[in-house]
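Welcome! Take a moment to look at the chain below, and then we will walk through it together, starting with one pair of side chains.

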Amino acid sequence: MAAAIALSERGRGLSTPNPNVGCLIVKEGHVVGRGWTQKGGRPHAEAQALDEAMERARGATAYVTLEPCFHLSSRGPRCADLMARAGVRRVVIALRDPDPRTDGQGADWLRQRGIAVDMGLMAQEAAAAMRGFVLRQTLGRPAVTLKLGLSLDGRIALADGSSRWITGPDARAHAHVERARHDAILVGGGTLRADAPRLDVRLPGLEDRSPRRVLLSHGDAPDGWEVIAAPEDIAALPQVDHLLVEGGAQAAAAFLRADLVDRLLLYRAPILIGDGLAGIGDIGLTDLADAHGRWRLDEERRLGNDRLEVYLRNRNA
């Protein structure tokens, strides 16, 4: 299942409006088919894996990160039906599908056809890999990642606004990989006016994965951009399950104030700036006690001379 979850990450930022699912077909201890949801949502992971396995799928076990879909679609067959027709013996599912069009029906349908079904293996990890889809289904909005490139003293630029470059090339390359894993990327009006950012992916082989550009502003958006007036408006962005907020301090503060940030990417450079521009504006905090317990460290690593820290929002805090 861990391998299937890793496969599912390949589709993140590409598969929307469908979830980024991963699937492995295993027979007699050997992987005979693998798949992940492709660009635009088709083919589904299960269909791709079964096509690779072909007749070897008969009697095999399928590991899939999300319950196989059960609803009818003009875009392709139901994955639960594909599994049954392929003759798989057992289906191991990580996460029950929160989409009401499936939501347990796919698993029940498979059981009715004599296929053994196990559900819940590594469900938490699978949900994290499909965070955007899960939040769209449960909260009606995309998953939001806030990215900040900071000095040790929490600055994003000199006092005159100079910000190139806070972090080194390894951290900047990692940030471009993150861009490629999101459907859309957002900045505030101040960042647009000051930096005229391209917000594209500039890594060899990933140039075609540049996300859509979104502006947080009460004004009009430039050509090629979409505009929203408030953080809560992200719910209305079509086919966006993963949103990356990149700048600046006021846009970051607005999303934190609205409690819409699910994941923090902090790239820290080993430099001190002093009297520069703060990375985050006022987030409405009035009691220091309210700041504690909201975030948990999920990952940290070195990127050249810089350090990346990834934090997840504790939604029960």
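Glu9 and Arg181 form a salt bridge, with their closest N and O atoms 3.3 Å apart. A salt bridge here is a side-chain nitrogen of Lys or Arg within 4 Å of a carboxyl oxygen of Asp or Glu. The two partners come from distant parts of the chain, 172 residues apart: Glu9 sits in the loop between α1 (2-8) and β1 (22-27), while Arg181 sits in the loop between α7 (169-180) and β8 (184-188). Helices (H or I, at least four residues) and strands (E, at least two) are DSSP runs, numbered from the N terminus.

Before going further, please keep in mind that this is a predicted model, in which local features need pLDDT of at least 70 and side-chain atom pairs count only at pLDDT 80 or more, while totals for chains, interfaces and linings use all residues. Residues are numbered from 1 along each chain as its sequence is written, and side-chain values use heavy atoms, with hydrogens and water left out.

**More about the salt bridges**

Is Arg181 buried or exposed? Arg181 counts as buried because its relative accessibility is 19%; buried means under 20% relative accessible area, exposed means over 50%, and partly exposed lies in between (1.4 Å probe, protein chains only). Its partner Glu9 is partly exposed, with a relative accessible area of 26%. Arg181 also forms a salt bridge with Glu178, and Glu178 is buried, as is Arg181.

How many salt bridges does the structure hold? The structure holds 22 of them. Here are some examples:

| Pair | Closest N to O distance |
|---|---|
| Glu9 and Arg181 | 3.3 Å |
| Arg181 and Glu178 | 3.9 Å |
| Glu309 and Arg268 | 3.2 Å |

In the pair of Glu309 and Arg268, Glu309 lies in strand β15 (residues 306-313) and Arg268 in strand β12 (residues 263-268), so the salt bridge ties together parts that are 41 residues apart in sequence. Glu309 counts as buried because its relative accessibility is 11%, whereas Arg268 is partly exposed at 24%. Salt bridges can also share partners: Arg141, Asp259, Asp262, Arg313 and Arg315 are joined in this way into one network. As background, side chains of opposite charge can pair when their charged atoms come close.

**Two domains and where they meet**

The chain is divided into domain 1 (1-136) and domain 2 (141-313), with bounds that come from an automatic or database domain assignment. Their centres, taken over C-alpha atoms, are 32 Å apart. How many residues of domain 1 are in contact with domain 2? There are 14, and they are in contact with 21 residues of domain 2, where contact means heavy atoms within 4.5 Å.

The size of an interface is often given as the accessible area lost when the parts come together. Domain 1 and domain 2 bury about 1500 Å² between them, 40% of it on carbon and sulfur atoms. Such buried area is the accessible area (1.4 Å probe) that two parts lose on being put together, summed over both. Arg12, Thr16 and Arg136 supply 45% of the area that domain 1 buries against domain 2, more than any other three residues.

Across this interface there are 2 salt bridges.

**A helix under cover**

Helix α9 (residues 249-257) is mostly covered, as 7 of its 9 residues are buried. Among them are Phe255, Leu256 and Ala249. After α9 comes Asp259, which has a positive phi, near 55°.

**Two buried charged residues in loops**

Asp99 belongs to the loop between β4 (90-95) and α4 (105-112). It counts as buried because its relative accessibility is 6%. The side chains of Asp99 and Arg101 are joined by a polar contact of 2.8 Å. A polar contact is a pair of N or O atoms within 3.5 Å; within protein, one must be able to donate a hydrogen and the other to accept it, and residues adjacent in sequence count only if both atoms are side-chain atoms. Leaving aside neighbours within four places in sequence, Asp99 is in contact with Phe133 and Gln137.

Arg42 is found in the loop between β2 (30-36) and α2 (45-53). Arg42 counts as buried because its relative accessibility is 18%. Which residues does Arg42 contact, leaving aside its neighbours within four places in sequence? They are Asn18, Ser73, Arg75, Gly76 and Pro77. Arg42 and Asn18 are 24 residues apart along the chain, and their C-alpha atoms are separated by 8.1 Å.
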